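Hi,

Here is the structure I promised to pass on. Have a look at it first, and my notes follow below.

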Amino acid sequence: DSACGPFQAKGTRAQGGDGVRWSMEQGGLNFDAFKDRPTVALSGGEKREVALAGVLALRPQVLVLDEPTAGLDPAAAQTLIGTLRGLQREGVAIVFVTHNLDEVLALADRLVVMGGGRTLGNFPTGQVIARPELLEQHGFTVPPLLDLLRGARALGLGELMARRPDEAAQQILRGLQAVADGPGASAEGVQ
C-alpha cells in the first residue's frame, strides 16, 4: 500500500522503493518487518501508519490531517505526534483539524478557533499558552497543561511557556528554585 503513490506518480521502481522505505520509517513502521505483511493483517494503528507512509512516499510539502490521533492508544498517539514534529523539522507544513488541544500545543504554530462554520479566533499558539482565557472566551475548556501554567504564573514562578508536560515540569522546577534561592532571585523569563 505504501508504494501505491509513487507507482501511480510513475516514479521508477528504484525511486519508489527508496521513497517507500523512507516513508515507512518516518511513519513509525520498520520496513523489513512490515514490507511483506498484507494490510488486512495489521492492527488499526498499523493501518493508519501505513496510510501515512503512503502519503509520505510522495514527499508532500503540505500534509493535511483530520483528527490524526483519534482512536489511537496514548503510546501510538505520542509516536504519531513525534513523527509529525520530525516532518515539521524537515520543512513539511502540517495543517490539521482536531478537538484535542494537547495536540495543538505540541504541534501548532497557530491556532484557528472554529465554531458554527465561522472562524472565531486566529492566534499564535504562544499567545494562547500565555493567555488561556482566549480559549475560555470561545467556550473551550482550558487543557490541564495551560491551567497548570496559569497557576504557576499566578504564584510568581515566571512567564512559563511550555507546550508539553515535560517542558512545564522543568520550567516550574526552575521557577521554584528561583523562589527558594531568596527574595532577590527572580523567576521572570524562565524558559
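**Salt bridges in and around H9**

Asp147 and Arg150 sit three residues apart in helix H9, which means that about one helical turn separates them. Their side chains form a salt bridge, with the closest N and O atoms 2.7 Å apart. Before I go on, please keep in mind that this is a predicted model.

Arg150 has a second partner: a salt bridge joins it to Glu136, and here the closest N and O atoms are 3.2 Å apart. That pair links distant parts of the chain, as Arg150 is in helix H9 (residues 144–154) and Glu136 is in helix H8 (residues 133–136), 14 residues away. So Glu136, Asp147 and Arg150 end up linked in a network of salt bridges, and opposite charges can pair like this when their charged atoms come close.

How accessible are these side chains? Arg150 counts as partly exposed because its relative accessibility is 26%. Glu136, at 39%, is partly exposed too, and so is Asp147, with a relative accessible area of 38%.

The count for the structure is five salt bridges. Another of them is between Asp166 and Arg164, at 3.1 Å from N to O. Asp166 is partly exposed at 40%, and Arg164 is partly exposed at 26%.

**The strands**

Strands E1 and E2 pair in the parallel sense over five bridges. To get from E1 to E2 the chain crosses through helix H5 (residues 74–89), and this β-α-β crossover is right-handed. One residue pair to look at is Leu63, whose bridge partner in E2 is Ile94.

In E2 (residues 93–97) the side chains alternate. Ile94 and Phe96 point to one face and are buried, whereas Ala93, Val95 and Val97 point to the other face and are not buried.

Val95 also turns up in a nonpolar surface patch with Val62 and Val64, and together the three have about 270 Å² of accessible area. Val62 belongs to strand E1 (residues 62–66) and counts as partly exposed, at 48% relative accessibility.

**The chain overall**

The protein chain has 10 helices and four strands, and along the sequence they follow the pattern α-α-α-α-β-α-β-α-β-β-α-α-α-α. Of its 191 residues, 39% are buried. The accessible surface comes to about 11,000 Å², with 55% of that belonging to carbon and sulfur atoms. Among contacts with a separation of 6 or more, 44% are between residues 24 or more positions apart.

Cheers

How values were computed. Residues numbered from 1 in each chain as written. Predicted model: local features only at pLDDT ≥ 70, side-chain atom pairs only at ≥ 80, totals over all residues. Heavy atoms only, no water. Patch = residues over 30% accessible without salt bridge, like charges linked within 9 Å, V, L, I, M, F, W, Y side chains within 5 Å. Areas by Shrake-Rupley, 256 points an atom, 1.4 Å probe, with all protein chains shown as cover. Salt bridge = Lys/Arg side-chain N within 4 Å of Asp/Glu carboxyl O. Helix = DSSP H or I, 4+ residues; strand = E, 2+ residues; numbered from the N terminus. Buried < 20%, exposed > 50% of the residue type's maximum accessible area, 1.4 Å probe, protein only. Pairing = 2+ DSSP bridges. Right-handed = clockwise from strand over helix to strand, strands pointing away. Contact = heavy atoms within 4.5 Å.
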